[in-house]
Number of protein chains: 10
Amino acid sequence: MLFLVHMIVNIPRDLPEEQANEIKLREKNYSQDLQRSGKWPHIWRVVGEYANYSIFDVESNDELHTLLSQLPLFPFMEIKVTPLAKHPSAI
Amino acid sequence: MLFLVHMIVNIPRDLPEEQANEIKLREKNYSQDLQRSGKWPHIWRVVGEYANYSIFDVESNDELHTLLSQLPLFPFMEIKVTPLAKHPSAI
Amino acid sequence: MLFLVHMIVNIPRDLPEEQANEIKLREKNYSQDLQRSGKWPHIWRVVGEYANYSIFDVESNDELHTLLSQLPLFPFMEIKVTPLAKHPSAI
Amino acid sequence: MLFLVHMIVNIPRDLPEEQANEIKLREKNYSQDLQRSGKWPHIWRVVGEYANYSIFDVESNDELHTLLSQLPLFPFMEIKVTPLAKHPSAI
Amino acid sequence: MLFLVHMIVNIPRDLPEEQANEIKLREKNYSQDLQRSGKWPHIWRVVGEYANYSIFDVESNDELHTLLSQLPLFPFMEIKVTPLAKHPSAI
Amino acid sequence: MLFLVHMIVNIPRDLPEEQANEIKLREKNYSQDLQRSGKWPHIWRVVGEYANYSIFDVESNDELHTLLSQLPLFPFMEIKVTPLAKHPSAI
Amino acid sequence: MLFLVHMIVNIPRDLPEEQANEIKLREKNYSQDLQRSGKWPHIWRVVGEYANYSIFDVESNDELHTLLSQLPLFPFMEIKVTPLAKHPSAI
Amino acid sequence: MLFLVHMIVNIPRDLPEEQANEIKLREKNYSQDLQRSGKWPHIWRVVGEYANYSIFDVESNDELHTLLSQLPLFPFMEIKVTPLAKHPSAI
Amino acid sequence: MLFLVHMIVNIPRDLPEEQANEIKLREKNYSQDLQRSGKWPHIWRVVGEYANYSIFDVESNDELHTLLSQLPLFPFMEIKVTPLAKHPSAI
Amino acid sequence: MLFLVHMIVNIPRDLPEEQANEIKLREKNYSQDLQRSGKWPHIWRVVGEYANYSIFDVESNDELHTLLSQLPLFPFMEIKVTPLAKHPSAI
């Protein structure tokens, strides 16, 4: 079951750089683990913005919320979720 | 080069049904031809709406505009294009 | 799996009244059938508006889109879907 | 008398974690007491967001404002209230 | 129980003038009956607009929806309802 | 001459509580003085929000601005003013 | 007492040209009469739009509403009114 | 003196095709005359939309309004004008 | 050449009062100098807000940007500029 | 391949002035290098705002994102990118 997820990142300026880097590293690892598992099949950078559009493939709304709320950058993100369905013209 | 394209369809009620069906059929064929060519790798229905989110993979802005403006439903669509770049965490 | 669905109805003034009534009757029957089946557990009128907020309980995004797009009033509705998850404080 | 209540939570980063946890615990207890009392029959998490949609069942606007303004997280919430009425198609 | 109600009127240009006048007359009578009954204690014109802000004093959300949906101009209005509570500084 | 005034209050978290309480007390006294004088005939709390809708009855725009800008909470408020006129259906 | 008034004009395409011209002529005369009277001291075209910003100088909200609602183009305008006060730096 | 001009075109469906084509041809000629004159140095299509962003180089606001309001498609356009100044980093 | 300029002032709470007062005094002097010079013919307070609408009369966009960016309060203002043209009905 | 880029700059007040000046100097040099290279053919100041509209001419979305994300002011900017195509009326 697919969802389009729009994530805008706002890391506060007063977060110590070391801490920010540590969170970003964990975010990257977490994201890549989910990508490898097939739960997060696509992630694209929005040109010119610290934001991404992603596709998630999950079993349920609850699973998606669990995955998103465990993102290391979750406290610094504005997230919008759009549920997707099969398009009748999709091949 | 990837773009996220959001298309909202508004077919006017006074378009004769036969004509609407003929346009939708051409739209479907046109879309599936582009999907097969690799130019339009993804199309998803937005749940509850006569709208889709799509991914286009093209050589240039001009090519994308040409493809979109030739959509049979183009006169009845509201389209927004978001340019995408490779995400540093993408595997 | 629960979704909050917001539906705003705009029946065009030039739809013949008889036809409008026939569609509304089918809408009511369709809605009540889904309510009885457990797929549409709640529907509330928004005070002062020709609109409702509803809760749907479905197996998947595709099922929800199928149910919504078969609403007799679907061509005259503006629909927004919000996926819901279990709240950690819910009893 | 039913109301749909949308709550978005923004806990400031400089609130000491201990204090934040204490507030969240009081919030949970407060919410569960109201759920048990029947005043707050539904609370759902919005997927991907630190937000919820809730249904309140109260005697009056004044009662609803009293209940909401006593939420331990009230100072950190953006709240919007939508009054609901019985839907003519509800079974 | 008080509610602030914002009503914007859009009478379609192709409504025959006679019919429009008849509806406006019924609207005026209906409004004045409710004003006399105490259910609609205030109605003010928004300067420069075909719109009003009103205060309604009703027993319940259902009663308010019934009163509003029976406005003769209801099909031609965009209505927004804001529930009001007693202000702690009100004398 | 009547105006609808919408006031949203945002007291900054780092304002010392004692100072905040002193300002709120002055606000309450100031508001009640104006209510008694007939300049501020109505003030209602917006349910679920730290906000109010008020009616002011003043001689001129300048008088209204003077009254509002002297509110003790003025520096912490977002205010919007809507001029009102007599409604032709008002009794 | 001054007000900034923003008027956007939307003349429907199916209004017969003769009728439109007659209304525009009456609008011009009406506007120039009010300008000469001092009630409408400024009117400026918004560059690139069929819209204007105007300053009105009136005795009361009721007078302003009367003046605006008698504009021959009133049924085809979207109007927003902003009350103005003397600025403390104005010379 | 430079201005960024955003033009969105909405040609009504019931405009006879011949008439629409005649207007578009005049629009093209008018635009190209202004481009050759140096008054309209840039015009770009917005990808996926029947819209353009343009740069105008004129002597005054009045001249710009005159040029824009004489566009053959002016009655079918939504136009927004942004005044531009020399950027201190421009070479 | 006329422009409508909307200025919203947000002076940060942690700006020392003395410094704020010094800036406001310079702002007032700067504004009054420009008013006397004829470059800033009108300034009005927006009722209930720390904001103003002003009319500027300048030779060019560059001159306007220079004047505005030298406002002592410029770093604490949100400014929107609307170019104005002569209205055909202006007397 | 052309893109319209809108950049709004928000330099936080607590950034030490020396550091801010150093960043602005690097921004200027970086911008002028790109202008000289032909990648950034136009940059205009928005009148009255700390913002610019720019035209970029790049090979790909990825190249544009790389150029923008390396702006020294990038962490303090809100950026929106609009892809442009050749306009059929452009000479």
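In chain A, residues 1-89 carry the feature "domain: Muconolactone isomerase" in UniProt, from an unreviewed entry. The model described here is predicted. Within this span of chain A, helix accounts for 34% and strand for another 34%. The C-alpha atoms at the two ends of the span lie 17 Å apart. Helix H1 of chain A covers residues 17-37. Two of its residues, Arg36(A) and Asp33(A), sit 3 residues apart, about one turn of the helix. These residues form a salt bridge, with 3.2 Å between the closest N and O atoms. Over all chains, the structure holds 50 salt bridges.

The pairing of chain B with chain A was examined next. A turn of 180 degrees lays chain B on chain A with an RMSD of 0.0 Å. The shift along the axis is 0.0 Å. The two copies are thus related as by a two-fold rotation axis. Chain B gives 26 residues to the contact, and chain A gives 26 residues. Of the interface residues of chain B, 100% are also interface residues in chain A, so the copies meet through the same surface.

About 2,400 Å² is buried between chain B and chain A. Carbon and sulfur atoms give 68% of that area. Several elements of chain B build its side of the contact. Strand S1 (2-9), helix H1 (17-37), strand S2 (42-46), strand S3 (51-57) and strand S4 (77-86) of chain B each supply at least two residues to the side that touches chain A. By class, that side of chain B has 14 nonpolar, 8 polar and 4 charged residues. The count of salt bridges across the interface of chain B and chain A is 0. Polar contacts join 13 residue pairs between chain B and chain A, with both residues at pLDDT 80 or more.

Chain D meets chain A in another arrangement. Chain D superposes on chain A by a rotation of 72 degrees, with 0.0 Å of shift along the axis and an RMSD of 0.0 Å. That is the relation of a five-fold axis. Among the residues of chain D, Asp14(D) comes closest to this rotation axis, with its C-alpha atom at 8.9 Å.

In the contact of these two chains, 7 residues of chain D touch 12 residues of chain A. The area buried between chain D and chain A is about 720 Å². Carbon and sulfur atoms give 58% of that area. Three residues of chain D dominate its share: Arg13(D), Val47(D) and Gly48(D) supply 74% of the area that chain D buries against chain A, more than any other three residues.

Charged side chains also take part in this interface. The rule finds 2 salt bridges across the interface of chain D and chain A. In one of them, the side chains of Glu49(D) and Lys80(A) meet at 3.1 Å, N to O. The side of chain D that touches chain A is made up of 3 nonpolar, 1 polar and 3 charged residues. Between chain D and chain A, 3 residue pairs are in polar contact, both residues at pLDDT 80 or more.

Other pairs of chains do not meet. Chain A and chain I share no contact, and their closest C-alpha atoms lie 17 Å apart. Chain E and chain J do not touch either, with 30 Å between their nearest C-alpha atoms.

Methods
Residues are numbered from 1 along each chain as its sequence is written. Chains are lettered from A and ligands numbered from 1 in the order in which they are written. This is a predicted model: local features need pLDDT of at least 70, side-chain atom pairs count only at pLDDT 80 or more; totals for chains, interfaces and linings use all residues. Side-chain values use heavy atoms; hydrogens and water are left out. Contact means heavy atoms within 4.5 Å. Buried area is the accessible area (1.4 Å probe) that two parts lose on being put together, summed over both. A salt bridge is a side-chain nitrogen of Lys or Arg within 4 Å of a carboxyl oxygen of Asp or Glu. A polar contact is a pair of N or O atoms within 3.5 Å; within protein, one must be able to donate a hydrogen and the other to accept it, and residues adjacent in sequence count only if both atoms are side-chain atoms. Ala, Val, Leu, Ile, Met, Phe, Trp, Tyr, Cys and Pro count as nonpolar, Asp, Glu, Lys and Arg as charged, and the others, Gly among them, as polar. UniProt positions are given in the numbering used here, feature names are shortened, and annotations may be inferred rather than shown by experiment. Helices (H or I, at least four residues) and strands (E, at least two) are DSSP runs, numbered from the N terminus. Copies are superposed by least squares on the C-alpha atoms of residues with pLDDT of at least 70 in both.
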